[in-house]
Amino acid sequence: MTTEAPLWPSARTLRAPLPESTDVLIVGGGLAGTALAYYLGRAGVECVLVEHAELNREASGTNAGSFHFQIAIHQLTALETGNVRERLQTEVRLHAEAAEVWKTLERELAGPLEIHITGGLMVAETPGELRLLHEKRELEEEAGLETHVLEGEELRSFAPYLAEDLLGATWCPDEGHANPMLAAPLFAVRAAEAGAELRTHAGVTRIDVDPAGGARRFSVTTAAGRIYAHRIVNATGAWANDLAALVGQRLPIRAEGLHLNVTEPREHVLVPMVQHIGRRLTLKQSTSDTFIIGGGWPANPEPPPRRFSTRWESTAGNVAVAVRVVPLLADVRIVRTWSGVMAFTEDLAPIVGDSGRLPGFYTLIATTGFTLSPLLAQLLAEELATGRSAIPPEYSVDRASAQATTT
Amino acid sequence: MHAVGPGVYELATPETIVCRCEEVTAATLAAAIDATDDVNVVKSLTRAGMGLCQGRNCQRQIAAALASHHGRQPISSLPVATARPPVRPVPIGAVADASLEDGGFFTVDD
């Protein structure tokens with residue numbers, strides 16, 4: 001096993017006094033916030049990141065680390081309404097870009113993230129699900145994401161560990177996984193080296209806005225003291241509305257508890273990530289040879305600072321889907337369950353960019369946050385540094401805010 | 001758990017395996033403990049306590065190292081790592097309950 005020092009910013013710098021002022025104040029020390037701090041630091045933009053507790057302890061560090069590039073069922077079943085088809089294509093194009101970011105991230109950050117581009121399978125059990133796989137593949141092809149539908153003998157020989165009676169599966173060679181316990185901490189270490197300041201135990205309790213604007217537009221009170229900021233980025237994920245409420249903003253985001261199971265290590269038999277088009281399942285074998293089983297089964301919300309508690313029913317139901325799809329799991333032992341939290345936006349699209357109502361108050365949040373956050377952070381850093389935006393207009397905060405006030 | 005005599009933790013060398021399930025050495029743990037006083041962060045950075053025994057063998061040693069490095073005494077004043085089910089490893093086939101299968105967040109019409 002590893003003997004080198006783990007990568008984490010030093011406790012002394014994380015607890016140092018806050019600077020008096022900064023250009024960009026990032027709120028939230030998860031993957032989105034730490035990645036943004038890194039890209040801003042690298043671009044020479046002055047920034048300070050404040051985290052209310054410890055880095056990487058919420059959704060960013062408690063998810064299963066999957067890269068989800070294929071369109072998911074909840075996105076497809078919304079196809080009948082409005083311009084969903086167009087927006088799905090925007091999203092798939094973004095997924096293709098995110099795949100490129102992850103492929104080169106270990107080199108970029110010069111450290112281990114346990115990134116494995118293993119490819120991913122999404123299985124179908126029923127004729128309806130199989131039809132959906134074919135529709136999905138067409139959309140993905142149009143948007144430039146490579147997927148293939150495998151059926152019958154072709155599927156059997158490609159993935160012999162799958163249950164024999166499954167009707168088909170899409171194969172996406174770009175999918176894979178990384179270790180969520182390493183990604184945000186490594187971004188944080190490299191951000192600090194690039195000149196960003198990071199502080200923990202600095203939860204924001206109050207924001208005063210100077211209508212005249214200027215370099216001290218925002219006066220921000222935190223548990224670690226006051227800091228002036230020219231611009232603020234809300235990267236607080238599932239808790240985004242706690243911060244937004246301080247400036248009278250309401251975002252269409254809700255927090256959901258997410259259940260996960262991990263097993264003992266076994267011989268490495270499962271290379272790709274496996275999902276189900278119609279049921280809650282993501283399944284993979286990690287670098288440590290354990291099986292990680294999730295897929296969106298619920299956990300019980302608990303008031304902060306408590307962690308969400310796990311439900312045994314989620315274990316029993318989640319592993320039942322897993323063993324239905326990969327029967328060899330039956331005698332593998334579960335050693336632990338845990339719960340994470342996940343931010344869900346109402347329309348499942350990311351919310352990224354400046355606010356028209358309160359210029360200078362930015363948002364950086366994605367529903368499938370682990371997959372997309374490094375890319376979205378890169379795009380937002382570019383906008384903050386140059387003023388030019390490459391962020392799809394569909395993700396505008398005002399789109400989100402407008403929806404929030406009408407629902 | 002039985003109490004241990006004074007000085008026992010000082011017997012460890014940097015190469016001593018503290019977490020046997022995940023083979024984590026005292027040196028690796030010391031680096032993590034220098035960076036944070038949060039036992040859950042130490043666990044996620046080093047994998048100590050993540051193996052088959054879920055920390056039953058090593059959590060006391062890790063708590064002692066945290067308490068000593070950060071000047072937090074007694075050991076019992078430190079928060080312990082979050083406890084989660086199951087209490088002991090159980091085979092998937094023994095607990096899977098297909099009657100709990102749901103249609104997912106969203107369903108497909110056949």
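A salt bridge is a side-chain nitrogen of Lys or Arg within 4 Å of a carboxyl oxygen of Asp or Glu. In this predicted model, local features need pLDDT of at least 70 and side-chain atom pairs count only at pLDDT 80 or more, while totals for chains, interfaces and linings use all residues. Residues are numbered from 1 along each chain as its sequence is written, chains are lettered from A in the order in which they are written, and side-chain values use heavy atoms, with hydrogens and water left out.

We can begin where the two chains meet. Between chain A and chain B there is 1 salt bridge, and the side chains of A:Arg12 and B:Asp34 meet in a salt bridge at 3.6 Å, N to O. About 4500 Å² is buried between the two chains, 60% of it on carbon and sulfur atoms; buried area here is the accessible area (1.4 Å probe) that two parts lose on being put together, summed over both. Chain A brings 60 residues to the contact and chain B brings 47 residues, where contact means heavy atoms within 4.5 Å.

Next comes the inside of the protein. A nonpolar core is a set of buried Ala, Val, Leu, Ile, Met, Phe, Trp, Tyr and Cys residues joined through side-chain atoms within 4.5 Å, and buried means under 20% relative accessible area, with exposed over 50% and partly exposed in between (1.4 Å probe, protein chains only). In the largest nonpolar core, which has 66 residues, A:Leu36 and A:Trp102 touch the most other members. Helix α5 of chain A, residues 84–109, gives the most to this core, with 10 residues; helices (H or I, at least four residues) and strands (E, at least two) are DSSP runs, numbered from the N terminus.

Two single residues complete the tour. A:Thr147 lies in the loop between α6 and β5 of chain A, and A:Thr147 counts as buried because its relative accessible area is 6%. Its side chain makes a polar contact with the side chain of A:Glu140 at 2.8 Å, a polar contact being a pair of N or O atoms within 3.5 Å, of which, within protein, one must be able to donate a hydrogen and the other to accept it, and residues adjacent in sequence count only if both atoms are side-chain atoms. A:Glu256, found in strand β12 of chain A, counts as partly exposed because its relative accessibility is 26%, and its side chain makes a polar contact with the side chain of A:Arg254 at 2.7 Å.
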